[in-house]
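The following questions and answers are intended for a biochemist who wishes to examine cysteine pairing and helix burial. Please consult the sequence and the structure as each point is raised.

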Amino acid sequence: MKTSRSLRLCLLLLWTTCTAWAVDPSRQISQFGHSVWRLQDGFFNGRPYAIAQTTDGYLWIGTQNGLVRFDGVRFVPWVPRPGDRTPSFRVQSLLGARDGSLWIGTESGLLHWADHKLFRYPGSLGRIDAIIERLNGEVWFARYQQYGADGVALCREVGLETQCYGQNDGVALRGGASLGEDSSGSLWIGDTTSLIRWRPGSTSVLRIKGLRGDPAQGVMSVAVQPDGVVLAGINPGGPGLGLEQVVHGALKPFLAPGIDGSSLNVTALFSDRQGSLWIGTEAQGIYRIHNGTVDRFRSSDGLSGDYIMAFYEDNEGDVWVATTRGLDCFRDLRVTTIPGLGGLGTDEIDSVLAAHDGTIWAGGAGALGSIRNGTISSLQAKKGLPGDQVTALLEDDRGRVWVGIDNTLNIYENGRFRRINKPDSSPLGFVVGLAEDTAHTVWAEISGTPRRLVRIKNDSVQQELPAPQMPAARSVAAAPDGALWLGLMSGDLGRYANGKLEMFRFGHSESSNGTSRFNQLFVGPDGSVLGATSSGVIAWRNGKQQTMTVQNGLPCDDIQALMTDDRGDLWLYTQCGLIDIPRIEVDEWWAKPDSKLQFRVLDAQDGAQTGLAPFNGAAKSPDGRLWFVNGVVLQSVDPANRMSDVVPPVHVEDVFVDRQAYAAVNGLRLPSIKSELQIDYTAPSFAMPQTIHFRYMLHGWEKIWHDAGPRRQAFYDNLPPGKYSFHVIASNSEGVWNTRGASLDFEVLPTWYQTRTFLAACVAAAIVFIWAVYRLRVRQIARAIGARFDERLSERTRMARELHDTFLQTIQGSKFVVDDGLEEPLDPEKMHHALGQVSGWLGQAIAEGRAALNSLRSSTTLKNDLVPALRRAAESGTVPDGMTVSISVIGDARELHPIVRDELYRIGNEAIQNAKSHSHGSRLSIDLTYGQDLTLHVGDNGVGIDPGYAMSGRDDHHGLQGMRERAARIQGRLTILSSTESGTDISVTVPGNVSFLHPDHGILANLRKLYRRVAGDHEKL
């Protein structure tokens, strides 16, 4: 039956859910994860005095210069809101109440921070030395005032009022005070002279003889043990001082193996959830006592300072210590490390063995160590150990321990070593592997030349199988069916049974030259075989071979040791960490060798210090713990201590719009975002805050989650106006998600140009603009049509003028001659004369008609040069006798605008015809000049024009008026100069940007002119 991927993931999630634990009392303090923040590194601006945690997950540190909030990554000084007055910034005591609020005891009064509001209690004026929340939820505190009858009082808060108890209530306190509560509800109060047990109506005072009321001395701390024992921490130490306990109503010295309570100058006491007692001293660091076992940790071990101010245990079970020089945090590590010299007697640990009686054996250079019932002991070289180097280890069916030492094999039994020699009494050799099969035969792999496999029965050598008869191996293991498996030097597997050897070869990568280093061999109860090699895990089961490598999702291939736990999970001790693969994943891999695995990796942050051990690299003890060695230290992990189900609370802290900060409150209205929106969020967690992972999504803008990893900021660019909801979730260091997370609803306001009013105005303006453009276009079209009509009308007018001035006048004159001849029809001479005149005038009419037609047909639209057209106009028709015509062109002819060509031609034609008909001159000159502008000049040496006609023309003629109209139409300037002595000069000048299709302006035109000038000068040379 095949397990679906979704079902596997669900089972994996169930597998990850378990209860959170406090720090393990069976471990030494040095075996905890330790983080330290020192004043000298700038984490605080003052000495820490108190520690507390609120239900939102934040840790609060009270210092001599104020209050600091910590989320595991950032220390943020707490600043009251504007208008919130604080009597003092020196924080003496803190309490994180069960309702989520924070009580702040300062040097001059009590403050209460709740629901983002700060409350001050006028009745609490004075130094607040201690605050506790009683079992019934009431908040009590010790107040000290230097002056007054009840300067030192025990107080409680009732609503917004303060109720204090003093000498009249049986609470006669002197100096500063510490507080505690026992299971019966009685308060225990320590001051500078005594320890008092008090409840309304009942007081019991235990005087301390060694105290004299010195304000710097007294009962510094009170702790109530889980068994109900009340402890008093007194500074200074001495007889009747130090650490005292209440026994049958009296104070007695606290004694434990290795510690005398009276020798301690106690400054702080704390009892954690596991019942361990933590003792803070004035100059001796920390002591911890659990079940009579005393442990110590001080500045020489890494503590920030030896003067202890306070202890605290957070929601995740981490223990915090405030010292005069900083802040320390101790946390459980998933992987426990036992240093080689920490009782095992060696700094090189090469093999590990877990015996059936629970004893853990670890061997290395110069020692064989053991851990039995929590006690560590060792056999040293020349001090009980018959040699120096401990190699392979084995426990046989009789509970004896077989130990390879140097080049010998020994049996350790009843505190003595007995050597196993060859039949010739010589040493067996350097033992690298040991195994015992179901027939109680011990097999030993011996290194040397040649390598050989030795069979030992009844404590004597029976057979030696040297290479190449038996391939060289690094590890041996016995199977339930009696076969012996060998982990070969080549990285392959061998099976030896009934005198026959069977080889199982695995293809190794080319990077390893076709071979692989074999590190450890393991045979499971079901007969499956697993080998840890430098190229991954090689496996065999029921005749099937397969491998587990990075192709299956492993983070690395170098497997240094492996072992299965009681649940069937596979643990791999690799170069990249300790990998835990659930059994469901292993079963899936057996069924599908190419499947991708789901697993957890424990790395250095979890305490794992992986490395290669040359002999027994892993073992499992009867209590289910797994043990690994890496050549330096011995490590253990408890698979039953699964992941924590404590998920970090998630908070949205700050919002920044274009680097301007805003408070992160729901309903936030933000100004228009010009460039960037930044949202800061966090998840207070202190065990391994760098492993907290986040995902976020902005509803209203996107529909996918962003995997931010450990980053605690979200960025959005150019977010448009609108309403949004930001949602962020987080997972703890073990991968368990807080799916509820945190959210922030906010609105981005539009700028003035993003408002609906502005958009409506833009739409209206666009409509008006389109309408205006449409109207303008209509007008342009109308003007264009009107211009065409005007041109047609002008042309008709011109034609009418020409017909009137020439052709019609000639016809009319002919009519007059005919009419005159018809008056005397019988006079043949007169009739002949009239007909001759009519014939001449009709010829003239024909010539004038042809001239008019030529003026229409001679449009220069298809011709670029005016000169040929003007020449035809001058030479056509009747040229007066004796008149010479000259035509000249000045400058290079250039392409003209068609309209300009036509109008100039008609102006020139009119001037030419007038000169031929009316000037009576002997010379007619026509000049066309191409320059910056275009100029046409027509001149004669005739009788000139009457000055009256030159200005306005004749009433019945339209020639001059038409010339002026045509010149104005092409932006030309018409000049008429006339006199009876010199004749008439008519010139028209048209701007070049109007005349020419390509005006001769700009840099290129100037360069062309310069080229022409240079070329002309060159030709002259």
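The questions below concern a predicted model and treat its disulfides, other cysteines and one helix.

Q: How many disulfides does a search of the whole structure find?
A: A disulfide is a covalent bond between the sulfur atoms of two cysteines. Here a pair is accepted when the sulfur atoms lie within 2.5 Å. A search of the whole structure on that basis finds two disulfides.

Q: What is the pairing when the bonded cysteines of the chain are numbered in sequence order?
A: C155 and C164 form one disulfide, and C556 and C576 form another. Numbered in sequence order, the bonded cysteines of the chain have the pairing 1-2, 3-4.

Q: Is the link of C155 and C164 right-handed or left-handed?
A: The sulfur atoms of C155 and C164 are 2.1 Å apart. The angle about their S-S bond is 100 degrees, and the link is right-handed.

Q: Which parts does the pair C556 and C576 tie together, and how many residues apart in sequence are they?
A: The sulfur atoms of C556 and C576 are 2.1 Å apart, and with -80 degrees about the S-S bond their link is left-handed. C556 lies in the loop between β52 (544-548) and β53 (559-564), whereas C576 lies in the loop between β54 (570-574) and β55 (577-581). The pair therefore ties together parts whose separation in sequence is 20 residues.

Q: Is C164 buried or partly exposed?
A: Buried means under 20% relative accessible area, and exposed means over 50%. C155, at 0% relative accessibility, counts as buried. Its partner C164 has 30% relative accessibility and so counts as partly exposed.

Q: What is the relative accessible area of C576?
A: C556 is buried, with a relative accessible area of 6%. C576, by contrast, is partly exposed, and its relative accessible area is 28%.

Q: Is C762 buried or partly exposed?
A: C329 has 1% relative accessibility and counts as buried. For C762 the relative accessible area is 33%, so this cysteine is partly exposed.

Q: Within what arc do the buried residues of α8 fall?
A: Helix α8 spans residues 959-969, and G959, L960, G962, M963, R966 and A967 are buried. Seen down the axis of α8, these buried residues line one face of the helix, because they fall within an arc of 160 degrees.

Q: Which residue follows α8 and has a positive phi?
A: Helix α8 covers residues 959-969. The residue that follows α8 has a positive phi, near 60 degrees, and is Q971.

Technical notes: Residues are numbered from 1 along each chain as its sequence is written. This is a predicted model: local features need pLDDT of at least 70, side-chain atom pairs count only at pLDDT 80 or more; totals for chains, interfaces and linings use all residues. Side-chain values use heavy atoms; hydrogens and water are left out. Buried means under 20% relative accessible area, exposed over 50%, partly exposed in between (1.4 Å probe, protein chains only). Helices (H or I, at least four residues) and strands (E, at least two) are DSSP runs, numbered from the N terminus. The arc is that of the directions from the helix axis to the C-beta atoms.
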